[in-house]
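Okay, thanks everyone for making time. I'd like to walk you through one structure, so let me put it up on the screen.

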Amino acid sequence: MARTIYLLVLLLSPFMVQGNTNAIYKCMKDDKVEFSHSVCPEAFRQHKIEYENGITTEIDSDKREIKIDPLKALLNKQTISKEKLLQLLEGEIYRLKQENSYFEILRASEVQKLDRKRFWQTKAKDDPSYGVELQEINQRFDELILSNNNVIKVLNQHKSKIEAEASPDELMSQ
């Protein structure tokens, strides 16, 4: 029991710093207990452990939660105002652009690490293994950035479409 509490404290410690609501799932089957950030498999009983503002609560939550993609929900629902929808779309576009900037920082860091490795292994810059590793790094980050740029393009198209549509208030005033 003390070991489980210790493990739980270790699992929750990164979340304790943030100060917002966080949840993990305690998955139990027979004498086996696992902790997960996602919903437990069907064969397991689950308890949801939430941490908020210094308080940890454990809830028996055997009913399954259906995960809804917030972006799809945002694009499909017509229940929020046009201004709020535009604000949410702009927020998501901004987040994706920030993520692209973060990817560039990570790329630079990995290239620098590769350069240090090459230096300490006394390899030349034209060494084939260095070129292959550099190409893999660039390809991985190019794919991530391209994926985000494609989503940004779709969001911008949707945003333009919403901005072009007349709201019910605008139609009544005409």
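**Starting with the disulfide**

Let me begin with a torsion: the one about the S-S bond of Cys27 and Cys40 comes out at about -85°, so this disulfide is left-handed. Keep in mind as we go that this is a predicted model.

The sulfur atoms that join Cys27 to Cys40 sit 2.0 Å apart, S to S. And how many disulfides does a search of the whole structure find? Just 1. For anyone who wants the reminder, a disulfide is a covalent bond between the sulfur atoms of two cysteines.

So what does the pair tie together? Cys27 belongs to strand E1, residues 22-29, while Cys40 is in the loop between strand E2 (32-36) and strand E3 (45-52), so the bond ties together parts 13 residues apart in sequence. Buried or exposed, these two cysteines? Cys27 and Cys40 are both buried.

While we're in that loop between E2 and E3, have a look at Phe44, which is found there too. Phe44 has 12% relative accessibility, and because the cut-off for buried is under 20%, Phe44 counts as buried. From Phe44 to Glu34 you go 10 residues in sequence, and C-alpha to C-alpha they are 9.5 Å apart in space.

One loop back, between E1 and E2, you'll find Asp30. Asp30 isn't a glycine, yet its phi is positive, about 55°. I flag that because most residues other than glycine have a negative phi. Asp30 is exposed, with a relative accessible area of 75%.

**Zooming out**

Okay, the overall layout. There are 5 helices and 4 strands in the chain. Reading from the N terminus, the order goes α-β-β-β-β-α-α-α-α. The chain has 174 residues, and buried ones make up 25% of them. If you take contacts with a separation of 6 or more, 46% of those are between residues 24 or more positions apart.

**The H3 and H4 pair**

Now the helices I wanted to spend some time on. H3 covers residues 82-120, and its axis comes within 10 Å of the H4 axis, with the two crossing at roughly 170°. Anything over 145 degrees goes down as roughly antiparallel, and that makes H3 roughly antiparallel to H4. What's in the contact of H3 with H4, by class? We get 19 nonpolar, 6 polar and 16 charged residues.

Let's go in at Leu144, which sits in helix H4, residues 128-164. Leu144 counts as partly exposed because its relative accessibility is 35%. Leave aside the neighbours within four places in sequence, and Leu144 is in contact with Asn100 and Phe103. You can also take a C-alpha separation here: Leu144 and Glu99 are 45 residues apart along the chain, and their C-alpha atoms are separated by 9.4 Å.

Phe103 brings me to the rings. The count of aromatic pairs comes to 2. One of them is Phe103 with Phe141, a tilted pair at 6.4 Å centre to centre with 50° between the planes. That pair links distant parts of the chain, with Phe103 in helix H3 and Phe141 in helix H4, 38 residues apart. Phe103 and Phe141 are buried.

Then there's Phe119 with Trp120, and that pair is edge-to-face: 5.2 Å centre to centre, 80° between the planes. Where Phe103 and Phe141 are buried, Phe119 and Trp120 are exposed.

**The loop between H3 and H4**

Last stop. Thr122 has its place in the loop between H3 and H4. What's the phi of Thr122? Positive, about 45°, although Thr122 is not a glycine. Thr122 is exposed too, with a relative accessible area of 71%.

Lys125 is in that loop between H3 and H4 as well. Its relative accessible area is 56%, so Lys125 is exposed. Not counting residues up to four places away in sequence, Lys125 touches Arg118 and Tyr130. And the C-alpha atoms of Lys125 and Asp115, which are 10 residues apart along the chain, are separated by 8.5 Å.

That's my tour, so let's open it up for discussion.

Note on methods: Residues are numbered from 1 along each chain as its sequence is written. This is a predicted model: local features need pLDDT of at least 70, side-chain atom pairs count only at pLDDT 80 or more; totals for chains, interfaces and linings use all residues. Side-chain values use heavy atoms; hydrogens and water are left out. Buried means under 20% relative accessible area, exposed over 50%, partly exposed in between (1.4 Å probe, protein chains only). Contact means heavy atoms within 4.5 Å. Axes are lines fitted to C-alpha atoms, for helices over the stretch in contact, and angles run from 0 to 180 degrees between N-to-C directions. Angles under 35 degrees count as roughly parallel, over 145 as roughly antiparallel, 65 to 115 as roughly perpendicular and the rest as oblique. Ala, Val, Leu, Ile, Met, Phe, Trp, Tyr, Cys and Pro count as nonpolar, Asp, Glu, Lys and Arg as charged, and the others, Gly among them, as polar. A disulfide is a pair of cysteine sulfur atoms within 2.5 Å. Rings of Phe, Tyr and Trp (its six-membered ring) pair if their centres lie within 6.5 Å; planes under 30 degrees apart count as stacked, over 60 as edge-to-face and the rest as tilted.
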